Amino acid sequence: MNVSATLNFFRLIRQPSLCLPHATVPTFNDLPVPLTNAFGSLKPDIRAVVLDKDNCFAVSKEHAVYKPYTINPEESQDKFHAFLTNYSPPHLLIVSNSAGTTSSDPLSREADLLSSVTNVPVLHHATKKPGCGPQILEHFLNAKGSRVTAGDQIAVVGDRLFTDVMMANLMGSWAVWIQDGVVLTRNPFIKWEQKLPGRLARYGFKAPVPNPDT
């Protein structure tokens with residue numbers, strides 16, 4: 001059970017905009033690199049990127065990058081390696097609720113395997129998303145060679161509104177929502193969740209724009 005998501009869900013009653021993304025793309029392959037170009041005219045200074053794993057760049061419960069995201073004959077680089085080139089560690093970090101958490105992966109075997117396969121560090125965290133934002137900020141602020149000085153220089157990419165997107169907004173960062181993911185969901189709760197942005201937009205809600213002064 002994700003206690004963090006359950007507790008933070010009640011925050012959405014007071015502030016529904018916390019689950020709204022700043023940019024939306026169908027799949028990982030549709031992400032622009034550099035990611036600054038995902039936000040239209042806003043053009044934020046994105047210096048680091050957080051990637052979710054399951055149904056974002058990999059099939060759930062698998063470690064390898066989904067093959068179509070590692071083959072792109074129309075461009076000089078495939079999508080995943082484009083991120084590695086533009087946001088090389090320490091400016092690229094995988095944060096997953098299935099790998100690296102003390103509850104789901106207490107011996108860090110999943111995290112270590114995922115990191116070895118992708119060549120990207122995996123965050124080891126005690127609190128699942130969306131509650132591990134402070135650990136992510138600490139990682140980027142303290143990592144050797146990091147150019148990150150504030151949360152608004154970070155973009156979070158993921159397929160879940162109540163974890164990935166909400167975490168980004170709580171961090172004062174930029175949220176990019178992978179709407180369809182690797183596999184279209186059959187989960188009725190996730191299908192309901194996916195309809196929220198459109199419904200909230202009709203009532204005038206918008207994603208909170210990160211403030212560089214906070």
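Me: A polar contact is a pair of N or O atoms within 3.5 Å, where one atom must be able to donate a hydrogen and the other to accept it. With that in mind, what does the side chain of His125 reach?

Reply: Please keep in mind that this is a predicted model. In it, the side chain of His125 reaches the backbone oxygen of Ser96 at 3.2 Å, and His125 itself is placed in the loop between helix H4 (109–118) and helix H5 (133–142).

Me: Is His125 buried or exposed?

Reply: A residue counts as buried when its relative accessible area is under 20%. His125 has a relative accessible area of 1%, and therefore it is buried. Apart from residues up to four places away in sequence, His125 touches Val95, Ser96, Asn97, Ala99, Gly100, Thr101, Thr102, Cys132 and Gln135.

Me: Which peptide bonds should I look at for a cis geometry, and what is omega near in each?

Reply: The bond from Val33 to Pro34 is cis, with omega near 5°, and Pro34 belongs to the loop between strand S1 (23–25) and strand S2 (48–51). The bond from Lys129 to Pro130 is cis as well, with omega near 10°, and Pro130 is found in the loop between H4 and H5, where His125 is also placed.

Me: How should I read a positive phi, and what is the value for Lys43?

Reply: Look at the residue type together with the angle. Lys43 has phi near 45°, a positive value in a residue other than glycine, and its place is in the loop between S1 and S2. Partly exposed covers the range between the cut-offs of 20% and 50%, so Lys43, at 47% relative accessibility, counts as partly exposed. Ser108, in the loop between strand S3 (92–94) and H4, also has a positive phi, near 65°, and is not a glycine either; with a relative accessible area of 15%, however, Ser108 is buried. For a glycine, you can turn to Gly172, which follows helix H6 and has a positive phi near 75°.

Me: How many residues of H6 are buried?

Reply: H6 spans residues 161–171 and is mostly covered, with 10 of its 11 residues buried. Among the buried ones are Leu161, Phe162, Asp164, Val165 and Met171.

Me: What is the volume of the largest pocket, and which residues lie nearest its centre?

Reply: The general idea is that rolling a probe the size of a water molecule over the atoms shows where empty space is left. Here the largest pocket has a volume of about 690 Å³. Its lining comprises 29 residues, and those nearest the centre are Asp54, Asp159, Arg160, Thr163 and Ile190. Helix H1 (3–9), H6 and helix H7 (188–194) are the elements that give two or more residues to this lining. By character, the lining residues divide into 10 nonpolar, 11 polar and eight charged. Thr163, one of the residues nearest the centre of the pocket, is also one of the buried residues of H6.

Me: Where does the chain bring residues together that are separated in sequence, and what is Pro26 in contact with?

Reply: Compare the separation along the chain with the separation in space. Pro26 and Trp177 are 151 residues apart along the chain, while their C-alpha atoms are separated by 8.2 Å. Leaving aside neighbours within four places in sequence, Pro26 is in contact with Ile178, Gln179, Asp180 and Gly181. Pro26 is placed in the loop between S1 and S2, and at 37% relative accessibility it counts as partly exposed.

Notes:
Residues numbered from 1 in each chain as written. Predicted model: local features only at pLDDT ≥ 70, side-chain atom pairs only at ≥ 80, totals over all residues. Heavy atoms only, no water. Buried < 20%, exposed > 50% of the residue type's maximum accessible area, 1.4 Å probe, protein only. Helix = DSSP H or I, 4+ residues; strand = E, 2+ residues; numbered from the N terminus. 1 Å grid on protein atoms, 1.4 Å probe; cavity = no way out; pocket = protein on both sides within 12 Å on 5 of 7 lines; lining within 4 Å. Points joined across faces, edges and corners; volume = space filled by probe spheres on them. Nonpolar A, V, L, I, M, F, W, Y, C, P; charged D, E, K, R; others polar. Contact = heavy atoms within 4.5 Å.
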